[in-house]
Amino acid sequence: MTGRRAARSTGAVITALAAVVAVGVAGCAPLPASGPRLATGDGPGRAPAPDSEAGLITPPSWETPRSELQWIPCAEGGTRGLPQNARVDCALLGETPVLRLTTGDTPQDAAPLVVVAGPGDPADSLAIRLASAGGEIVRSHPLVIVDHIGRTGPAGTCLTPAARRTLDGLAERGTDPGAPELRGDLAQTAQSCTDQLTGRELDFGAVGAAENLEELRQSWDVPGLAVLALGSGARTALDYAGAHPDRLSLLVLDSPAPWDGDQETAARSALDGSDTALRLWAASCTRTECGPGDGEQRVEAVSRALDAARDPGARVPAALLSDVVRSALADLSGASGEQASDGDEILGEIAGTDPGVGAPGPLVRARAEALGSSSLPYVAECSDLPRRVPVNRVPELATEWADAPPFGEILAAQLSACSTWPVPQGTPVELPGSVPVLLMGGIADPVAGAAALEPTAGMLTGAGAGDIRILTWGAPGSRVVLHSACARSTLSDFLADPTTVDRSVACPS
């Protein structure tokens, strides 16, 4: 089984991850953990911002850990599908799993690169993906992947089946987002989790995850961390930079998701990026796995599938199917990829299936099951939204976005999902001006948006960053490091010496 195929089995991955924690508890004493200091409506103490003359903070040196975590072999099956020359060890950071990826070529005295992903990317499946993508980075540095806080506790399991059905049914045709019945169902959905997380409802967003990074730095007894953040992991990395501005050695943001907590702005970016990514993929993919027809026919096929899924009783409801499609659009191989990605195959399956004749195909059902296997994305993402869309604004957006098929009305309906979750305080984004930053992204991202890199670079500059390099991958998709050898080579050069990388780099699709 290849790493790419193994990455599909997210349900099995979650089980294996729980086994990793069980082995860790039995085989080594967990590290002392203060835990995130976040209570409802509050945030942990943030370090003072840098001096007003930006750049006075010198980035701390990037060093080999002076003391190590208690690494043990990962539980059997948790890393099935790794390439033969790769090795993954597991440890615990409090209750959070941490994985270390190395190969026989990785120098033992090299400083580790800390990889931070969002709540939708379990650390063990990400380790398989990174190992299978190519060995350019791990040949020079161990990759230490910190799972998102809450993966193995009640934050990952709190949604009841009824709560899950409520979330999946938000885009069902005829649903009124302001109806008292739906408001009551959404309140029960939130309560199914808050009852289990009493006093810690907001601990599992980016701010809490950022404190895990500081716990890791302290455990290693090193001056600073070098961080590679993927997708919504950017929120964690940027919160870490703001809370601990003198503890970041260098920063790589790969396909960063919007991080300022403005729900409507983020949804508009997602709508723009999803539509553009779908049309670019449909027009450019020439692989047989991408399904029959030309570009317009593929777009129409996906649109028909999403429209049919809005009918009551659909096997995969529209909100969930939209999540499946958009997760596939985040996982495209590009023209230079040696083989089709999982995302290519899922979209190709949809393009080749008549929604009026048969049920969704096995790849779609498997991805839908994987996306519904954890409640952590719901808990974490709601905990990162200080600026919510008012309920009475949702039908207005649904009407406005009805002219933007196939995603518009569905994304508008999903804005209600977090409406009854406790509201956190916002945390300002602050970056020390002297910390080298590499910003990477594709030309259309289903979360970050279309042509998002220059605006993102501007926001980072406004947050204090003074040393930014931009890499653009000429293909739609997300998490460029998993798909582009050019991006991985550039990242390796940046890690060795940021000054050797051009301010603007273009990688072919």
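In this predicted model, R87 and D89 are joined by a salt bridge, and their closest N and O atoms are 2.9 Å apart. The two partners sit in rather unlike surroundings. R87 has a relative accessibility of 47%, so it counts as partly exposed. D89, on the other hand, has a relative accessible area of just 2%, so this residue is buried.

D89 also brings us to the strands. It is the bridge partner of P73 in β2, and strand β1 (residues 72-73) pairs with β2 in the antiparallel sense over 2 bridges. Strand β2 itself covers residues 86-93 and is mostly covered, with 7 of its 8 residues buried. β2 is also joined to strand β3 (residues 96-103), again in an antiparallel arrangement, this time through 8 bridges. Within that pairing, C90 has L99 in β3 as its bridge partner. β2 and β3 make a hairpin with 2 residues between them, and G94, found in the turn, has a positive phi of about 65 degrees.

Back to charges: side chains of opposite charge can pair when their charged atoms come close. The structure holds 24 salt bridges. One of them brings together the side chains of D262 and R387, at 3.6 Å from N to O. D262 is in the loop between β7 (248-254) and α8 (263-284), while R387 is in the loop between α13 and α14 (394-401), so this pair ties together parts that lie 125 residues apart in sequence. D262 has a relative accessibility of 18%, so it counts as buried, whereas R387 is partly exposed with a relative accessible area of 42%.

Another salt bridge stays within a single helix. R268 pairs with E264, their closest N and O atoms being 3.1 Å apart, and both residues belong to helix α8, where they are 4 residues apart, or about one turn of the helix. R268 is partly exposed, at a relative accessible area of 34%. There is a bit of a group effort here too: salt bridges with shared partners join E264, R268, R393, E396 and E400 into one network.

Now for the rings. A search of the whole structure turns up 1 aromatic pair. The rings of Y378 and W421 have centres 5.5 Å apart and planes at 75 degrees; with anything over 60 degrees counting as edge-to-face, that is why the pair gets this label. The pair links distant parts of the chain, with Y378 in helix α13 (residues 376-382) and W421 in the loop between α15 (408-414) and β8 (437-445), 43 residues apart. Y378 and W421 are both buried. A ring also meets a charge elsewhere: the charged end of R298 sits over the ring of W281, at 5.6 Å from its centre.

Last up is helix α11, which spans residues 342-351. In this helix, 10 of the 10 residues are buried, so α11 is largely enclosed by the rest of the structure. Among the buried residues are charged-looking letters such as D342, D344, E345 and E349, along with G343, I346 and L347. The N-terminal end of α11 is capped by S341, which has a side-chain oxygen 3.3 Å from the backbone nitrogen of G343. That same G343 is among the buried residues of the helix.

Technical notes
Residues numbered from 1 in each chain as written. Predicted model: local features only at pLDDT ≥ 70, side-chain atom pairs only at ≥ 80, totals over all residues. Heavy atoms only, no water. Phe/Tyr/Trp six-rings, centres within 6.5 Å; stacked < 30°, edge-to-face > 60°. Buried < 20%, exposed > 50% of the residue type's maximum accessible area, 1.4 Å probe, protein only. Lys NZ or Arg CZ within 6 Å of the ring centre and 35° of its normal. Polar contact = N/O pair within 3.5 Å; in protein donor to acceptor, adjacent residues only side chain to side chain. Salt bridge = Lys/Arg side-chain N within 4 Å of Asp/Glu carboxyl O. Pairing = 2+ DSSP bridges.
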